[in-house]
Amino acid sequence: MAYRFAAFLLTVALCASPALSFSAGAPGGACGDMIPQHHTDPQKSAAPYSIILSKKAIRAGEGVTITVQGNSDKDTIKGLLCQVRVGETPVGVFDVPPNNNNLQKLDCGNSKGSAVTHKKITNAPNSLTFNWIAPPALSEEARAYCTIALNGGVFWVKHTSDLLKFITFIDMANRATRFLCTLALLCIPPAFGYPTGAPGSSCIDMTPAHGDNVAQEFPSPYEINLSKQEIRAGETLTITVNGNTNEDVIKGLLCQVRVGETPVGSFDVPADDEHLKLLDCNNSKACFLCFTACRSSHTTHKHSELWYGVAIVECRTLFTQKKSDFLAAPPKRFYRNTGVISSNGRFEITLDSRKLKTPKGLPFYVESEPLAIAIATEWDAQKDVIDRSAMHLTALSSTFIDNPNGVQKHDMVNYLVNYINTDTILFHSSEEPELKKLQTQEWEPIIEWCNKRYEINLASTDSLVVPTFAPGTAMNLSRYFSSYNTAALHGFVFAVDTIKSIILTMACVDRHLTTERAVQLARLEEEFQQGHWGKVEWAHDIQRLDTQSRLSAALLYVHFNSSNVFIKEKVSL
């Protein structure tokens, strides 16, 4: 009798083993060693599955499609647990739609969506596909690790994919990204330029002092081509600045290599070079290149770069076209009235009976009625001539529609997240005690507010060395900016480029600061110096008001593209 009872218990135990597995997904307890609690040992043989990556190399913040596939039709997948790891640390987040019938995201510890696992699978498939998004600040190599179950008793633990490489050098070949490789085109009278090279004062913002001339808004007729898509530290790279046509000659050039906003590396230009020379910026020797006495027939020039590390190329090219374009007058106002019309949920601007077009000739439209009214007001405010440099909302909308540089949403999110490393208000003076005291008094409350509001950990420094932040800072900022649509992110980037501070921009968007106050804080050091040395009559005030105008336009663009507001006329009965 005892023998029969023991045999019965053994039979029940064996039959119950599949029930001990987790048919509705791996538990959180499996995140560490990725071993499912199936009360049986994993297989020691090679897994009959392949983990296929859609890309072998990606940039931080980009996505990659991962496919787990059986080597034969019999190698089906009943259970799955996958992570992407750097060493033993899970990184990134998985992108699995809620309506996916077979897969779901799994939170491991405090990392939301850092793993993907199965749902209750009725008919086991031969392959499963899902997306993974790299974190914005990652630069190390990673692998996908998957525990794959054929059934409750047969499974393989931590089957690995090929190495996934991260590229920190942005591919600029045949495309110039506005925020990473800028081509600012200037049609200038020769009297205002520097025929023998750019001055040292252009080192920071790379904007030449060409009188009242401003950078052109239309796409550049030049290409910046790189000899390599990626390089190692200490390697050389050849850069070619090319005109698209024979008429696109290069009269002036100013180039720098930067990581964020910090100049790195050095240029290698022979002393007897006919067209190029080196320029020292502060303590950085040979940061820039300048053309000297360039012949009008010269359209292309190649030179080698000596790099100290992987970086981003940022250039601004000055050029002149035909002589007839040197003193081109702004266009005259050719319309009497402006208006807004609605069509299929979109709003278009009319100049008399004609619809407004973008610089590329595409239909100009916005999806916010208040924004459309504001743009129409910009055009209506023009007097005898059209001053496009003062029409910031029009320029932002045109850039969003035309997207001349092929900028994607993740490009702008990465740009904004990485900008925090060089944020103006995080760097305090180490030489002026009075200025440092003022910066601490004015800037520290904003930094503390930002840390509390967005659950990040930023700290100021009086060193030129970029401060280190908590690991979750970049991820939290990435989530915040990713919550905005692409149009609104264009406004964010324009605002950050205007006041050189992502913290002050976020405070304005959150209505914690007014535009005037944000500009005052961004110009704190300049205002301090003016208090000691005095102002240049009119010039400093005009610069301050222009900064306020640009920031206000950027904030309006963010808000108008982040809310649904419609204007309805009140009908009198």
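**Exercise 1.** In this predicted model, find where Ser 429 lies, and decide whether Ser 429 is buried or exposed.

*Solution.* Start with the secondary structure: Ser 429 sits in the loop that runs between helix H4 (409-419) and helix H5 (433-454). Next take the relative accessible area, which is 13% for Ser 429; because buried means under 20%, Ser 429 counts as buried. Then follow the side chain of Ser 429, which reaches the backbone nitrogen of Glu 432 at 3.1 Å. Finally, leaving aside residues up to four places away in sequence, Ser 429 touches Leu 435, Lys 436, Gln 439 and Asp 462.

**Exercise 2.** Determine which parts of the chain are tied together by the salt bridge between Asp 462 and Lys 436.

*Solution.* The side chains of Asp 462 and Lys 436 meet at 3.0 Å, N to O. Asp 462 belongs to the loop between H5 and H6, whereas Lys 436 belongs to helix H5, so the pair links parts that are 26 residues apart in sequence. As for accessibility, Asp 462 is partly exposed at 38%, and Lys 436 is likewise partly exposed, at 32%.

**Exercise 3.** Check the span of helix H7 (residues 486-499), and establish how many of the residues of H7 are buried.

*Solution.* At 1.5 Å a residue, the 14 residues of H7 should span 20 Å, and the end C-alpha atoms are 21 Å apart, which agrees. Of these 14 residues 11 are buried, so H7 is largely enclosed by the rest of the structure. The buried residues of H7, among them Leu 489, Phe 492 and Ile 499, pack against several helices, including H4, helix H6 (471-482) and helix H11 (539-560).

Technical notes. Residues are numbered from 1 along each chain as its sequence is written. This is a predicted model: local features need pLDDT of at least 70, side-chain atom pairs count only at pLDDT 80 or more; totals for chains, interfaces and linings use all residues. Side-chain values use heavy atoms; hydrogens and water are left out. Helices (H or I, at least four residues) and strands (E, at least two) are DSSP runs, numbered from the N terminus. Buried means under 20% relative accessible area, exposed over 50%, partly exposed in between (1.4 Å probe, protein chains only). A polar contact is a pair of N or O atoms within 3.5 Å; within protein, one must be able to donate a hydrogen and the other to accept it, and residues adjacent in sequence count only if both atoms are side-chain atoms. Contact means heavy atoms within 4.5 Å. The expected span of a helix is 1.5 Å times one less than its number of residues. A salt bridge is a side-chain nitrogen of Lys or Arg within 4 Å of a carboxyl oxygen of Asp or Glu.
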